[in-house]
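Let's take a friendly walk through this model together. Have a look at the fold below, and then we will go from a pair of helices to a single side chain.

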Amino acid sequence: MHPLKKSILFLSLVAGIFACSKSAAAQEAHGADKIPLHAVVVGTDTIPVITLAIIDVVDKLPKRLRKERERYSRLRNAVYVTYPYAKSAARILKDVSVELAKLPNGRARKAYLASKEKELKAQFGDKLTNLSVYQGKVLMKLIDRETGQNCFEIIKELKGGFNARVWQTVAFFFGGNLKSDYDMQEDKDIEVIVQELEMYQRYRAYN
């Protein structure tokens, strides 16, 4: 017999004996002649049936499943850490686009972007530099999800193609890619975690 099945059988027998001993003790204590029990009839035998409490018997996870659990836990943590930044990026990008449309020329546009960049560095700089390389990769995926543009396209639009290429080179040396797109099929685990996070935030908002 499989060791796990043996364990379940042993626990069931122990629980059954324990339940029967409690019934006998109760009978003795109250001086009752009979205690009603559920029973089944098998042939000429009447066998008492006792409903046991539900228990979980957990065997050690196989190595493959342990690795999968570790991978998913790491991804889930990265999404929880970086998703708020992606939401902020989408909001900021929308505001910047509106402001840029109001400016009369390239000089004013450049001055506004420099000012905004300084402001954002002060607000998010330390937090973003503390992200791991892995979290940075997840953040780039989420930015594309929230804005509809990957990071390379955003930098190119705001700072020009040269700057975009420079930062793409830097990202490449750190194992990243500013052109990372969000793919609903490829990134389905990220999507599940985002939906979980959104649902949790809505729950918090109502409580």
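To follow the helix pair, it helps to know that an axis here is a line fitted to C-alpha atoms, for helices over the stretch in contact, and that angles run from 0 to 180 degrees between N-to-C directions. Please keep in mind that this is a predicted model.

The protein chain has seven helices and two strands. Starting at the N terminus, the order of elements is α-β-β-α-α-α-α-α-α. Of its 207 residues, 23% count as buried. Among contacts in the chain with a separation of 6 or more, 65% are between residues 24 or more positions apart.

Now to the helix pair. Helix α2 spans residues 63–102 and helix α4 spans residues 133–147; their axes come within 8 Å and cross at roughly 45°. Angles from 35 up to 65 degrees fall between roughly parallel and roughly perpendicular, so α2 and α4 are oblique to each other. Their crossing is right-handed. The residues in this contact divide by class as follows:

| Class in the α2 and α4 contact | Residues |
|---|---|
| Nonpolar | 15 residues |
| Polar | four residues |
| Charged | four residues |

Finally, let's zoom in on one residue. E191 sits in helix α7, which covers residues 188–205. Is E191 buried or exposed? Its relative accessibility is 12%, and buried means under 20%, so E191 counts as buried. The side chain of E191 makes a polar contact of 2.7 Å with the side chain of Q195. Leaving aside residues up to four places away in sequence, E191 touches R145, Y182 and M184.

Terms used: Residues are numbered from 1 along each chain as its sequence is written. This is a predicted model: local features need pLDDT of at least 70, side-chain atom pairs count only at pLDDT 80 or more; totals for chains, interfaces and linings use all residues. Side-chain values use heavy atoms; hydrogens and water are left out. Helices (H or I, at least four residues) and strands (E, at least two) are DSSP runs, numbered from the N terminus. Angles under 35 degrees count as roughly parallel, over 145 as roughly antiparallel, 65 to 115 as roughly perpendicular and the rest as oblique. A crossing is left-handed if the near helix is turned anticlockwise from the far one by less than a right angle, and right-handed if clockwise. Ala, Val, Leu, Ile, Met, Phe, Trp, Tyr, Cys and Pro count as nonpolar, Asp, Glu, Lys and Arg as charged, and the others, Gly among them, as polar. Buried means under 20% relative accessible area, exposed over 50%, partly exposed in between (1.4 Å probe, protein chains only). A polar contact is a pair of N or O atoms within 3.5 Å; within protein, one must be able to donate a hydrogen and the other to accept it, and residues adjacent in sequence count only if both atoms are side-chain atoms. Contact means heavy atoms within 4.5 Å.
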